[in-house]
Amino acid sequence: MTKKIFRSILTAAAAVLLAGLVIVMGCLYNYFGIMQEYQLKDALRLAACGVEENGQAYLEKLTFRDDRYPWTPDYRLTWIAPDGTVLFDTGDAAERMDNHADRAEVREAFTAGESSSVRYSATLTQRTLYYARLLNDGTVLRISIRRAALPALVLAMLQPIVVVVIFAVIFSAALAGWMAKRIVRPLNTLDLERPLENDAYEELAPLLRRLHQQHRQICTQVRVLQEKTDEFEQITGHMQEGLILLDNAGKILSINPAAQRIFGAEASCRGQGFLTVDRDQGLYLAIQTALEKGHSEIREARNDREFQLDISSIESDGLVIGAALLVFDVTEQAAAERSRREFTANVSHELKTPLQSILGSAELLKNGMVRQADIPSFSALLHTEAARLVALVDDIIHLSQLDEGAALAKEPVDLLETAARAVAALRDSAEIRKIQMSVTGEHVRVNGVPGLLYEMLYNLCDNAVKYNVEGGHVALSVSSGAKGASVTVRDTGIGIPAACQDRIFERFFRVDKSRSKASGGTGLGLSIVKHIAQYHGASITLQSEPGHGTAISVVFPAQTAP
C-alpha cells in the first residue's frame, strides 16, 4: 500500500510539474509575444518619423545590434517605394533584394495605411513578425523581427528546465515517501484486538466497527469451540476404548490416552502420518478399506492383549474427509468365548463318558447277555456312573448359579467350625488311604453364605485327599491378620507342575486325567472354589512343588468381618 501511495503522489506531482511547465511556458511565450508586438509598433512609429524628416540618412545611422548586449532585439527596417522597389534595408543591400509589392503586409499598407503579418520558417523553427506603415511621401516603411518558435525556446531553455525537473522530482519523491509513510502509519499501528480504541481516520470508523463485531463473533465462536474441544477431550480422555481420528491423507488429528497406551504413542504424534505410529500392514489396509467402502474391522493381539479395531469413514457433504478408529479390548470377551467353547466341549465329553457306560451296561442287561452272577457288578457300575453323572450335573448347575451372581443371604460364619465340619465329612475317605487330617487356628468369623463357604472348604480338602499320597497328611489352618481372615489347606500330595498352576482353577482342567478319572473327580471342584471366593471378595494364592505337596490359601478382606 505504501508503494501505491508513493507512486500515486509522485505521479501526481510529476503531472502537476509538467502541466505547470507547459502552462508557464505557453503563457510566458504568449505574453512576451504580445509585448514584442507592442514594442515593434512603437519602434516602427519612431522610425517612420525619422525617415519622414531625414530620409535615407536616418536609416543609415541606425544600429540594432550591440555585441556587448547580445540579447538586444534584432530589428530590421526596409524602406519600399510605391512600386515595390526596395529603397533601403538595414539587413541587406537594396539592389540585391526582390520587389516587395507582392508582400501581404506591404500591399495592405499601401491600401490601408498600416498592416502586419507573420511568416513561419519550419527549417529555422522561427517566426518573423512584420509591421508596415505608409509614409507621407507615399513610400512604406516596414519593420521586422525574428521570433523563436516555442519548441526552439524550449530547446534553448532545456538545461535549466532539466535542472528544475530533477530537483522537483527529487523533492516530490522525498515528499511523496514522507507523506505515504505518514498516511500508512496509522493503518500499520491499528490495534485489531481492540478496534474501537484506535485513534485513526474517520473514514475507517465503519470498518473498525465491523472488525469489532467480527472480533466479538470470532471470540464467541472460539470460546464455544474450545468448550466443545475440552468436552471432547474430557470424554475421550476417560474412555477405556482407544479413539483415533484421521484425515483422508492418513494423518492423525486426535488420539486419546487409551489409544496412546495401546499403540505406544505420544500425544505429540498429532499431525503425523499414522504409519509413523503403527506400521502394521493389515491395519493400514483396513484403514484404506474403510476410506473406500465406509467400514472395516480387524482383530489384533498387542502386549498380550487382544483388541478389536472398528474403522469407519467420516463424510462431509458427500465427501470422505477422514476416518475414526475405535479400539476395544476384547481380551476377556475372547477368553470367555474360548472358555465357553471349551466348557461346551468338556461338558459334552464328560457327559458322554458315563452315559456310554450306562447305555452299554443297560443294553447288555436288556439283551440278557449278562450272567446272573455278574448282575450285581453291572448294577454297581450303573449306580457309580449314574452318581458320577448326577454329581457332574450338580456341579454344572452350581457353577451356572455362581456365574449368574444371584444375591444370597449372608450371615456371620465361623471359619474354624466350618473347616472342622468339612474335615469330619471327609475323614472316612481319608482313613481308607491312611491320610491324616487336622484343623488348627482361631475362631474367625466372616460375613458370608454358610453353604458356599462349607462347599469351598470341602472341595479344597477333597482335592487334598484325592491327590495325596498313601499315608499323607492334610492340614487346615484358620487365622486372622491385618489383611483379613485366611484359611490355608496344606497337603503332602503329588504337587502341581509350574506349567499347570495357572490353569488348575479352569473348568474341567486336570493335571493328570487318568488319576482324576480314577478318583471320580469332575474337574470342576477348584473352579467352584474360585467362584465362591470371588463371590465373597476373597483372593486365592497357590504354592506347590511336584513331589512336595500343595498349599492353597483363601484370604478374606477385613471389611467382610461382621
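Select K434 to begin: this residue sits in the loop that links α11 to β12 (436–441). The coordinates belong to a predicted model. What is the sign of phi at K434, a residue that is not a glycine? The angle is positive, at about 60°. Most residues other than glycine have a negative phi. Is K434 buried or exposed? Its relative accessibility is 61%, and because exposed means over 50%, K434 counts as exposed.

Next, step back from the loop and select helix α11, residues 415–432, together with helix α12, residues 450–466. Their axes come within 9 Å of one another and cross at roughly 40°. An angle of that value makes α11 oblique to α12. The handedness may be checked in the viewer: α11 passes α12 in a right-handed crossing. To display the contact, show the side chains of L415, T418, A419, R421, A422, V423, A425, L426 and A430 on α11. Facing them on α12 are L453, Y454, L457, Y458, C461, D462 and V465.

Keep α12 selected and add helix α14, residues 525–535. At what angle do the axes of α12 and α14 cross? The crossing is at roughly 145°, and the axes come within 9 Å. Here the crossing is left-handed. On the α12 side, the contact involves L452, L453, E455, M456, N459, L460 and N463. On the α14 side, select G525, L526, I528, V529, I532, A533 and Y535. L453 deserves a separate selection, since it appears in the contact with α11 and also in the contact with α14.

Now move to residues 514–520 and colour by pLDDT. Throughout this stretch pLDDT stays under 50. The model nevertheless has 13 contacts for residues 514–520 beyond four places in sequence.

Finally, show the whole protein chain. How many helices and strands does it have? There are 14 helices and 17 strands. Of the 562 residues, 35% are buried. The protein chain exposes about 33500 Å², of which carbon and sulfur atoms supply 56%. Where contacts join residues at least 6 apart in sequence, 55% of them link residues at least 24 apart. With the chain coloured by confidence, the mean pLDDT is 79, and 82% of the residues reach 70 or more.

Key
Residues are numbered from 1 along each chain as its sequence is written. This is a predicted model: local features need pLDDT of at least 70, side-chain atom pairs count only at pLDDT 80 or more; totals for chains, interfaces and linings use all residues. Side-chain values use heavy atoms; hydrogens and water are left out. Helices (H or I, at least four residues) and strands (E, at least two) are DSSP runs, numbered from the N terminus. Buried means under 20% relative accessible area, exposed over 50%, partly exposed in between (1.4 Å probe, protein chains only). Contact means heavy atoms within 4.5 Å. Accessible areas come from the Shrake-Rupley method with a 1.4 Å probe; for residues, only the protein chains shown count as cover. pLDDT is the predictor's confidence in each residue, from 0 to 100. Axes are lines fitted to C-alpha atoms, for helices over the stretch in contact, and angles run from 0 to 180 degrees between N-to-C directions. Angles under 35 degrees count as roughly parallel, over 145 as roughly antiparallel, 65 to 115 as roughly perpendicular and the rest as oblique. A crossing is left-handed if the near helix is turned anticlockwise from the far one by less than a right angle, and right-handed if clockwise.
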